[in-house]
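Q: I'm new to this structure and would love a close look at a single part of it. Could you walk me through one spot and then show me what surrounds it?

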Amino acid sequence: MGAIIIGTGISTDSKIRSALSHASIAGKQAIEKAGIDPTEVDVVINTGIYREHNMVEPAMAAIIQKDLGINLDYVKANPRRAAFSFDLMNGGIGALDALNVADSMLQSDSSKYVLIVSADIHPSTLPQKDFPFAELGSAILLKKGNDPKKGLIANRFATKKHKFCGRMGSLKTNEMGKTGRSRVDIVEAPDYVEAITQFTVDTAKSFMEEHKLSGQDLHLIPSQISASYVAAMQDALKVTNTLDLFKIYKGDTHTSTFGLGLHSLLKGGLAKAGDKILLAGGGSGLAAACVLYVS
Amino acid sequence: MRSRFESLGAFFPEKVQTMSDRIASMTNQPTFDLQAITGIKETRVAAPEEDSLHLALQAAKDCLKRSSYKAEDLDIVISCSISRYIDGAVNNCIFEPPLSLLIKNEIGAPRAMHFDVSNACAGLFTGVLILDRMIKSGAIKRGLVVSGEHITHISRTAVKEIKDSMDPQFGSMTVGDSGAAIIMDQATSDAEGIDYLELMTCSDYSRLCIGMPSEENPGPALYTINAEMHKKDRVQLWPNYQMDYYKNRDTDIAQEKFDYIIHHQVGLRAVSNFNRYGSEFFQFDLPPPLNILEETGNTSTTAHFLVLYKALQDGKVKKGQKILMVPAASGVVTGFLSLKIANLGV
């Protein structure tokens, strides 16, 4: 543990109808904030799930890497720097897994800078009333930290079985006909919000107890599954400083939740040096995760 | 600290389709001998109910069978396939939750972390790299990387849609179905495991190969500009990278004394070119490549690991030997993995 965030970025213009573009715009901002050259980034991890045309190959991260101008051609570059990219997928909480992976890459000294990006968009690229996610992007840029009491401090991941895994997003290929590039089928168990709320609360409470965290001393970035989910997390964990991105962005910010939240706290100056930030996520699975970050 | 392959598992569907049958089913017959060019005689084809999840589970169970660990010991499960079909013949392509969740639930690894990685044909290499770094950083002690690839759907789209000899769907004609799984943990000595694993993405070429649903027929499709993907310049990205890696480490390709090399299983002629271009660049005759593509086709993410599996099974690769594995995937992703074989049996 100990990786630190040196830049964040967001992309929220609703006129942009591409997950790849949202992720790239956010990534560029994060890199500029960190004051490094894009060619210095070693790893790009994309945690976005829903993307234009339901493309599955290559990794969307590779296209985003190109848009950012990172390791276009190793041999032609001077100096040469072998950047690498891949997609990491775990529903709305993938960014929390990506923080864990990024930390390992940095702590093992195999990478100096790791960029995590995300964005979701309906595969048709057209606004769809029944698409439950806010269509925007975010980015987090990390480097290795030297202070064991700062940066990424601890994490926990948990799962629990549930009908439809709570929420399932898929493409029913036997029904899609020729419309496979422009449709997605999302089903939810009738009690999904209630179940994931309780599971995330239980996981977060246990995590807070283990790490002796008090709600009064925390900033909370919860998943933004619904307005009631955010409110329930705030009440149950007793955290006054809880980010309500659902209200700001008018929907579930899904894979971009934690990038948006960190951007708001760190760039927006809401979190000061030494402040504790609890990222508490819940999503399809059921899956819940907590990450403690000290600013 | 080093990581190692503690156990290796594989699954090959029973049904076989010959390349000649596949070619015969094409709406527009090719003007060239695809079988002769690729060297692929046949591939395995998963039954409709053998979805990506099924293939992954079979490989994972095979891997666990000879592991010293039980599923409940695993700290993490990473699924690395491009195809993520569940529900058998329904062919539901799942976006969330990740396939790794369904795998870990089925094998009985409730406390394991999980996520999927997607990185074209380099998916399983990517999962191995992630586990290697997580083991080295102390984040985990042991984990499972797995891939179940039910990808012959793209060949069924290709036979309907290929129009002429320049059609970008020709690559789809070479694929076969399979599963592969590896349990990794900390190596017990320098005589086994991963000496080094480095991967890179040269992103200027990221749109040379695109996989997405077809708009002409119901089904997934893969569109590849093969001539560009396998150009000499592209292939030589890898040896350039590997030679640079050696520059500060007081070694070179000759001193590494690899016994075998495993390339991506795209076709016999292509593999021969990969080795030739690599040998030219290093100015050193690379060891002979191991292949199984004649009987399996290009199995995408599982390819290199199935070659290793078969070679261990046949006794071709033995304890004490050293293997160089070189991925080549859309992105384009390339790199190199140096693996010492000790007690890895199948």
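A: Let's begin with one term: two residues are in contact when heavy atoms of theirs lie within 4.5 Å. Keep in mind, too, that this is a predicted model.

With that cut-off in hand, look at A:L142. Leaving aside neighbours within four places in sequence, A:L142 is in contact with a run of residues at the start of the chain's numbering, A:A3, A:I4, A:I5 and A:I6. Its other partners are A:L99, A:A102, A:L106, A:K112, A:Y113, A:V114, A:I116 and A:L152. A:L142 also belongs to the largest nonpolar core, which has 88 residues. Within that core, A:L142 is among the residues with the most contacts, together with A:F86, A:L279, B:F5, B:V128 and B:L308. As those names show, the core includes residues of chain A and of chain B.

Now move along chain A to A:Q29, which is found in helix α1 (residues 19-34). Is this residue buried or exposed, or somewhere in between? A:Q29 has a relative accessible area of 29%, so it counts as partly exposed. Not counting residues up to four places away in sequence, A:Q29 touches A:T8, A:G9, A:I10 and A:H263. A:S264 lies 235 residues from A:Q29 in sequence, and their C-alpha atoms are 13 Å apart in space.

The partner A:H263 leads us to helix α7 of chain A, where it is one of the buried residues. This helix spans residues 257-267 and is mostly covered, with eight of its 11 residues buried. Besides A:H263, the buried residues are A:T257, A:F258, A:G259, A:L260, A:G261, A:L262 and A:L265. Just after the helix comes A:G269, which takes a positive phi of about 75°.

Finally, step across to chain B, which shares in the core we met at A:L142. Chain B has 13 helices and 16 strands. Its radius of gyration is 19 Å, close to the 20 Å that the globule rule gives for 346 residues, so chain B is as compact as a globular protein of that length. Along the principal axes, its C-alpha atoms fill a box of roughly 55 × 50 × 35 Å. Of its 346 residues, 68% count as buried. Among the contacts in chain B with a separation of 6 or more, 77% come from residues 24 or more positions apart. On the outside, chain B exposes about 11,800 Å², and carbon and sulfur atoms supply 48% of that area.

Methods. Residues are numbered from 1 along each chain as its sequence is written. Chains are lettered from A and ligands numbered from 1 in the order in which they are written. This is a predicted model: local features need pLDDT of at least 70, side-chain atom pairs count only at pLDDT 80 or more; totals for chains, interfaces and linings use all residues. Side-chain values use heavy atoms; hydrogens and water are left out. Helices (H or I, at least four residues) and strands (E, at least two) are DSSP runs, numbered from the N terminus. The radius of gyration is taken over C-alpha atoms; the globule rule is 2.2 Å times the number of residues to the power 0.38. Buried means under 20% relative accessible area, exposed over 50%, partly exposed in between (1.4 Å probe, protein chains only). Accessible areas come from the Shrake-Rupley method with a 1.4 Å probe; for residues, only the protein chains shown count as cover. A nonpolar core is a set of buried Ala, Val, Leu, Ile, Met, Phe, Trp, Tyr and Cys residues joined through side-chain atoms within 4.5 Å.
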